[in-house]
Amino acid sequence: DVLAKYLGDASVEVRVRLAVAIGARGERGPAGALVEALEANRKEPRVFEAVALSLARMGDDRAIEPFTKLLYAPEESTVELALAALAPVVLRSRDAERVEDAVGKVIGFAESIFAYENARAEDVAMKQRFLRLRDPILGALQTVTGQRFRSATAARIWWTRNKATFL
């Protein structure tokens, strides 16, 4: 794609505008270039967000793996964006293996975060991470599954029972 080759431009504004334009077109062809730009722009929040949201709009399966990898990013804002962008991509996917992998990884991530729900005083940072990420995690799972969960355990139980019919 002609536009995609400029995603490496030195100008932040050019990269943001290109990512938005590519996503608005909705064509899946340049998704590979956007996936590459996602990792290349982790340290540039405006470009990173524009690329992630464009990938979400496009709904291309190639974005699933990079988004699930971002679940364990140290920056909570990155995790929140990855969850928000991952859900619509998973919903549009026709690849049962990728969907199963993505939902399993989100639930596994949820379990690791929810482990700090009743954290002690010395785990203040993890308790705060739990409090900040709880709603985005549960929201992503609700978007994908259509189910409202109160905990990671409830999501795991539902997924175990319904995965075969869901996929």
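In this predicted model, Val-2, Tyr-6 and Val-14 together make a nonpolar patch on the surface, covering about 270 Å². Val-2 sits in the segment that comes before helix H1, which spans 12-25. With a relative accessible area of 60%, Val-2 is exposed, because anything over 50% falls in that class.

Next comes a helix pair. Helix H2 (residues 31-40) and helix H3 (residues 45-58) have axes that come within 9 Å and cross at roughly 145°. The crossing of H2 past H3 is left-handed. On the H2 side, the contact is built from Ala-31, Leu-34, Val-35, Ala-37 and Leu-38. H3 answers with Phe-48, Val-51, Ala-52, Ser-54, Leu-55 and Met-58.

Two of the H3 residues in that contact, Leu-55 and Met-58, turn up again when individual arginines are looked at. Arg-92, found in helix H5, touches Met-58 as well as Arg-28, Ala-56, Arg-57 and Gly-59, once its neighbours within four places in sequence are left aside. Arg-92 has a relative accessibility of 38%, so it counts as partly exposed. Between the C-alpha atoms of Arg-92 and Asn-162 there are 19 Å, with the two residues lying 70 residues apart along the chain.

Leu-55, for its part, serves as a reference point for Arg-156: the C-alpha atoms of the pair are separated by 27 Å, and the two residues are 101 residues apart along the chain. Arg-156 belongs to helix H8 (residues 152-166) and is partly exposed, at 28% relative accessibility. Apart from neighbours within four places in sequence, Arg-156 is in contact with Gly-104, Ile-107, Gly-108 and Glu-111.

On to the charged pairs. Across the whole structure, a search turns up 13 salt bridges. One of them links the side chains of Glu-75 and Arg-42, at 3.2 Å from N to O. Glu-75 lies in the loop between helix H4 (64-69) and helix H5 (76-92), while Arg-42 lies in the loop between H2 and H3, so this bridge ties together parts that are 33 residues apart in sequence. Both partners are partly exposed, with relative accessibility of 31% for Glu-75 and 27% for Arg-42.

Another salt bridge joins Glu-76 to Arg-132, with the closest N and O atoms 3.3 Å apart. Here the partners both sit in helices: Glu-76 is in H5 and Arg-132 in helix H7 (residues 124-145), so the pair ties together parts 56 residues apart in sequence. Arg-132 is partly exposed, at 40% relative accessibility.

A further bridge is made by the side chains of Asp-95 and Arg-98, which meet at 3.8 Å, N to O. That still qualifies, because the cut-off is within 4 Å. Asp-95 counts as partly exposed at 28% relative accessibility, and so does Arg-98 at 35%. Some bridges also share partners: Glu-76, Glu-80, Arg-129 and Arg-132 are joined into one network in this way. The bridge between Glu-76 and Arg-132 described above thus has both of its residues in that network.

Definitions and conventions: Residues are numbered from 1 along each chain as its sequence is written. This is a predicted model: local features need pLDDT of at least 70, side-chain atom pairs count only at pLDDT 80 or more; totals for chains, interfaces and linings use all residues. Side-chain values use heavy atoms; hydrogens and water are left out. Patches are made of residues with over 30% relative accessible area and no salt bridge: like charges are joined within 9 Å, nonpolar side chains (Val, Leu, Ile, Met, Phe, Trp, Tyr) within 5 Å. Accessible areas come from the Shrake-Rupley method with a 1.4 Å probe; for residues, only the protein chains shown count as cover. Helices (H or I, at least four residues) and strands (E, at least two) are DSSP runs, numbered from the N terminus. Buried means under 20% relative accessible area, exposed over 50%, partly exposed in between (1.4 Å probe, protein chains only). Axes are lines fitted to C-alpha atoms, for helices over the stretch in contact, and angles run from 0 to 180 degrees between N-to-C directions. A crossing is left-handed if the near helix is turned anticlockwise from the far one by less than a right angle, and right-handed if clockwise. Contact means heavy atoms within 4.5 Å.
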